[in-house]
Amino acid sequence: NIYSIAPVALFDVARVWPVDMGVRYGIGGGLRFSLVNVNLTLAYSANPERTRTERAGAVFFKLDVTNLFP
């Protein structure tokens, strides 16, 4: 394929030290656009259990280049 568009699901889990908040997680989704050997992913991850000082979520961007000649 020369190009493709695909959905992306995100699930992120982390324990932040030394903050005493326990395990944190985020969920979200987005799109991946592939053109020949370049993948561009753009997604949004929401923070369902945030505190007053935290934002509602974060934008995720990934650029990935694959090898054409293995």
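**Asking how each label is earned**

Reader: Why is F11 called exposed?

Author: F11 has a relative accessible area of 61%. Exposed means over 50%, so F11 earns the label. Please keep in mind that this is a predicted model.

Reader: What makes Y25 partly exposed?

Author: Its relative accessibility is 32%. Partly exposed lies between under 20%, which is buried, and over 50%, which is exposed. Y25 therefore counts as partly exposed.

Reader: How many aromatic pairs does a search of the whole structure find?

Author: The search finds one aromatic pair. The ring centres of F11 and Y25 are 6.4 Å apart, and rings pair if their centres lie within 6.5 Å, so these two count.

Reader: Why is that pair called tilted?

Author: The planes of the two rings stand at 40 degrees. Under 30 degrees would be stacked and over 60 edge-to-face, so the pair of F11 and Y25 is tilted.

Reader: Which parts of the chain does the pair tie together?

Author: F11 lies in strand β1 (residues 3-15), while Y25 lies in strand β2 (residues 23-35). The pair therefore ties together parts that are 14 residues apart in sequence.

Reader: How many helices and strands are there in the protein?

Author: There are zero helices and four strands. Read from the N terminus on, the elements run β-β-β-β.

Reader: Now S45, please. What makes S45 buried?

Author: S45 has a relative accessibility of 18%. Buried means under 20%, so S45 counts as buried. This residue is found in strand β3. Not counting residues up to four places away in sequence, S45 touches L10, G26, I27, G28, G57 and A58.

Reader: And why does G28 count as partly exposed?

Author: G28 is at 30% relative accessibility, and partly exposed sits between the 20% and 50% limits, so the label fits G28. Its place is in strand β2. Leaving aside neighbours within four places in sequence, G28 is in contact with V8, A9, L10, Y44 and S45.

Reader: What about L35, and why is L35 called partly exposed?

Author: L35 has 42% relative accessibility. That value falls between the limits of 20% and 50%, so L35 counts as partly exposed. L35 belongs to strand β2. Although L35 and Y3 are 32 residues apart in sequence, their C-alpha atoms are 4.4 Å apart in space. Not counting residues up to four places away in sequence, L35 touches I2 and Y3.

Reader: Which residues lie nearest the centre of the largest pocket?

Author: They are D12, Y25, G26, S45 and N47, and the whole lining has 19 residues. The elements giving two or more residues to this lining are β1, β2, β3 (38-46) and β4 (57-65). Strand β1 gives the most, with five residues. About 390 Å³ of space lies in the largest pocket.

Reader: How do the residues of that lining divide?

Author: They divide into 11 nonpolar, five polar and three charged.

Reader: How do you know whether the protein matches a compact globule of 70 residues or departs from it?

Author: Set the two values side by side: such a globule would have a radius of gyration near 11 Å, but the protein has 16 Å. Along its principal axes, the C-alpha trace spans about 50 × 20 × 15 Å. Buried residues make up 16% of the 70 residues.

Key
Residues are numbered from 1 along each chain as its sequence is written. This is a predicted model: local features need pLDDT of at least 70, side-chain atom pairs count only at pLDDT 80 or more; totals for chains, interfaces and linings use all residues. Side-chain values use heavy atoms; hydrogens and water are left out. Rings of Phe, Tyr and Trp (its six-membered ring) pair if their centres lie within 6.5 Å; planes under 30 degrees apart count as stacked, over 60 as edge-to-face and the rest as tilted. Buried means under 20% relative accessible area, exposed over 50%, partly exposed in between (1.4 Å probe, protein chains only). On a 1 Å grid over the protein atoms alone, a cavity is a set of points where a 1.4 Å probe fits but cannot get out, and a pocket is an open set with protein on both sides within 12 Å along at least five of seven lines; lining residues have an atom within 4 Å of a point. Grid points are joined across faces, edges and corners, and a volume is the space filled by probe spheres set on the points. Ala, Val, Leu, Ile, Met, Phe, Trp, Tyr, Cys and Pro count as nonpolar, Asp, Glu, Lys and Arg as charged, and the others, Gly among them, as polar. Contact means heavy atoms within 4.5 Å. The radius of gyration is taken over C-alpha atoms; the globule rule is 2.2 Å times the number of residues to the power 0.38.
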